[in-house]
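Hi,

Here's the structure I promised to pass on. Have a look at it first, and then read my notes below.

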Amino acid sequence: MTIVDTDKIDLYSLASFEDGHPHGLYARLREHDPVHWNDEPNGPGFWAVTRWEDIRAVNRDDENFSHWPVSMIEDFMETEDKSMVNLDPPLHTVIRRAVVPGFMPSAVRRQMTRFVDAAEAIIEEIRPAGGCDLAVDVAGKIAAYVTADVLRIPREDALRLYDYIEIGLGGGAYTEQERQAATEALIQYSIQVWEDRRANPGDDVCSMLAACELDGAPMSLANFSANMTLLIVGAGDTTRHLIGGGLHALFTHPDQRELLMADLTGRMPAAVEEMLRWVTPVVYNRRTALRDVEVGGRSISAGDKVCVYYGAGNRDPEEFADPQRFDITRSPNRHLAFSGVGQHFCLGAHVARAEAIAMITALLQAFPDIHPDGEMAWTRSNFVMGPAHLPVTW
């Protein structure tokens, strides 16, 4: 394999993500260096996997790749706390089974009315202003409101928790001290929820989690906190980027917006799938090689960090016809926005889809002429990303 002009490509640097996913860099890597060695300023470095087929192979291979200790590049969050995103079977399976009833399609369908009510409440909040910051006032709020409904916590608390989440997932955009402080704030809130659910259990997801047994012992406070934080991210944080980024895609592709508006209800589910492919809020997930293994023709050593880049896979021309075209009728659409396959397929996928359908539909019905009123600004992150600000008017 010939490597062409890829040695200086850096998928750790925030500069590479200033304007969203670096699709030009991804394309060069897919063609010339699909399993790319990337230096890490304060660590040993990592392999960046960019082809759709290789990403799926890594995600399905629990024999050779572990999710422990963390799903991010940096090791600063290494801990004994057992968050299911960082666990392999069988512990991962135990926790996932405990909470999965709250995220099944049947459970999401039962809550769809609440999602629609939340979307309509947001519409009424912003209607008098004639404009808003769509990323904050719409996408951010619906994410918080849905998270609150799923976890049965106050909506105002969920809004506050997302500030901590943004810092915690900000990658190199924040200092280790800032991220640790945000993590501590989440832990302190989790203590309150854990104590309440242990004393007053209900049928909500947090009660299911608090009642779970792990390694033969009741769920500890530390493990509850780690998994509750994960559920907050899974239930809404990535979805706010999907909603904001998906609407921006409609703004910049008027032909697709016109097509959608001609049959808003009928075409919305497929449109959301294309938004997921186009936006890809989760940039990457990290795995750790358990033994020497080969990926895409590269020899990976035991202990190496391996990061699969979903945004790169979602524009792979080997899988998607005309991948740089935003097409709300695309079918099939085997995108990797929810990690694609494997034990760690996103638990909140059904919630994310329902939430996006409810909010985008309500917004376009209420304000069919909604349009940008300034430049969009991206979040400062190389891990989870989307619009940080998107001013609009109607």
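Is Arg197 buried or exposed? Arg197 counts as buried because its relative accessibility is 8%, where buried means under 20% relative accessible area, exposed over 50%, and partly exposed in between (1.4 Å probe, protein chains only). Asp196, at 33%, counts as partly exposed.

Before going on, some small print: this is a predicted model, so local features need pLDDT of at least 70 and side-chain atom pairs count only at pLDDT 80 or more, while totals for chains, interfaces and linings use all residues. Residues are numbered from 1 along each chain as its sequence is written, and side-chain values use heavy atoms, leaving out hydrogens and water.

Now the overall picture. The protein chain has 394 residues, and 58% of them are buried. It has 13 helices and 14 strands (DSSP runs numbered from the N terminus: helices are H or I, at least four residues; strands are E, at least two).

Next, salt bridges: a side-chain nitrogen of Lys or Arg within 4 Å of a carboxyl oxygen of Asp or Glu. The whole structure has 19 of them. Arg197 pairs with Asp196 (2.9 Å, N to O) and also with Asp204, again with 2.9 Å between the closest N and O atoms. Asp204 is buried, as is Arg197. Elsewhere, Glu40, Asp75, Arg286 and Lys305 are joined into one network by salt bridges that share partners.

In that network, Lys305 and Glu40 meet at 3.0 Å, N to O. They sit 265 residues apart: Lys305 is in strand β10 (residues 305–309), and Glu40 is in the loop between β1 (35–38) and β2 (46–49). Both are buried.

Cheers
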